[in-house]
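Here is a short briefing to read alongside the structure. Keep the view open and follow the topics in turn.

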Amino acid sequence: RRVHGVQRAKKALETLNKANLTELKSFKAPPPEVQDVLYGVMILLSPPNDVIRERDRTWANATKLMQRVDIFLQKLLSFDKDNIPNTHISALKTYLAKPEFTGSAIAQKSYAAAGLCDWVINIEKYHQIHCFVQPKREQVEESRHRLEQVNREVAKTKAQVAKLQLKLQEVQGTFDAADAERQRVVSEAENTALRLDLAQRLVKALASENDRWNQNIEDLVRQRRVACGDV
């Protein structure tokens, strides 16, 4: 709808040319409806902070505005439709509310004024739609900006997580190596304890056997002495 409003406004300007505008500004006392159209144009072309006062909306000032037709047309073509002050729109409503303020009605009195009338009407319609759409566009832009920030934070967090995962892998590798060494030492200690236990058992067994052999030797010596005495 915004695009259509702009297109209709541009199309309205396409009906204007040096000839019909020169004819329009040559009017000495045009119908009030035609004058209202020019007053509407004067309001829109007013400086942003200084809308033309009602007492200054005269046909004489309107003809001064159209004095240089080429410059007048350029002002219309380069009009900043996206930044129309609300004061200008409020002043314009006085004329837009009039039932005869239509291109078709004005065309019966002036072809050039009809084109200007359509331009004023469509610029105002564009403004109303723009005021409705622009906040939503700004909200979308803000949401997009916030989404980009969130995405950057997510990417940053993912990078940190990746670094932590690498660090965790390094620590896990160190831990696994240390645990493997611990298990080796425990196993070696257990084997050493087992061998020590076996050695102690062997020592005890040999000590017991040594006592038994010593006793046998004593018994044999004693028996030998008895045998010699008997002889």
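## How the helices pack

In this predicted model, helices α3 and α6 pack with their axes 9 Å apart, at an angle of about 175°. Angles over 145 degrees count as roughly antiparallel, and α3 and α6 are therefore roughly antiparallel to each other. The notes below start with the residues at that contact, then move on to a second helix pair, the nonpolar core and a residue of α8.

**The α3 and α6 pair**

- From α3, the contact is made by D36, Y39, G40, I43 and L44.
- The α6 side of the contact consists of H88, A91, L92 and Y95.

**D36, a residue to look at in α3**

- D36 sits in helix α3, which spans residues 32-44.
- Is D36 buried or exposed? Its relative accessibility is 9%, and because the limit for buried is under 20%, D36 counts as buried.
- The side chain of D36 is joined to that of K98 by a polar contact of 2.8 Å.
- Setting aside residues up to four places away in sequence, D36 touches Y95, K98 and F101. K98 is thus listed both here and as the polar partner of D36, while Y95 also belongs to the α6 side of the helix contact.

**Helix α2 and its two sides**

- Helix α2 covers residues 18-25, and its buried residues include N20, L21 and L24. These three span an arc of only 100° around the axis, which puts them on the same side of α2.
- K18 and A19 are exposed, on the other side of α2.
- What caps the N-terminal end of α2? That is N17, with a side-chain oxygen 3.0 Å from the backbone nitrogen of A19.

**Helix α5 and how it meets α2**

- In helix α5 (residues 69-77), the buried residues are V69, F72, L73 and L76. They take up an arc of only 95° around the axis, which places them on the same side of α5.
- The axes of α2 and α5 come within 10 Å and cross at roughly 105°, which makes α2 roughly perpendicular to α5.
- Where the two helices meet, α2 brings K18, L21, T22 and K25, and α5 brings V69, F72 and L73. Of the α2 residues in this meeting, L21 is buried and K18 is exposed.

**The nonpolar core**

- The largest nonpolar core has 39 residues, and L21, L24, L76, L116 and W119 have the most contacts inside it.
- Two or more residues each are given to this core by α1 (2-14), α2, α3, α4 (59-65), α5, α6 (86-96) and α8 (111-230).
- Which element gives the largest share of this core? It is α8, with nine residues.
- L76 is a good residue to follow here: beyond its neighbours within four places in sequence, L76 is in contact with L13, L16, V41, L45, L116 and W119. Both L116 and W119 are also among the residues with the most contacts inside the core.

**D118 in α8**

- D118 belongs to helix α8 and is partly exposed, with a relative accessible area of 29%.
- Not counting residues up to four places away in sequence, D118 touches A12 and G103.
- From D118 to F72, the separation is 46 residues in sequence and 16 Å in space, C-alpha to C-alpha. F72 is one of the buried residues of α5.

Methods:
Residues numbered from 1 in each chain as written. Predicted model: local features only at pLDDT ≥ 70, side-chain atom pairs only at ≥ 80, totals over all residues. Heavy atoms only, no water. Buried < 20%, exposed > 50% of the residue type's maximum accessible area, 1.4 Å probe, protein only. Helix = DSSP H or I, 4+ residues; strand = E, 2+ residues; numbered from the N terminus. Arc of directions from axis to C-beta. Polar contact = N/O pair within 3.5 Å; in protein donor to acceptor, adjacent residues only side chain to side chain. Contact = heavy atoms within 4.5 Å. Core = buried A, V, L, I, M, F, W, Y, C linked by side-chain atoms within 4.5 Å. Axes fitted to C-alpha atoms, helices over the stretch in contact; angles between N-to-C directions. Parallel < 35°, antiparallel > 145°, perpendicular 65-115°, else oblique.
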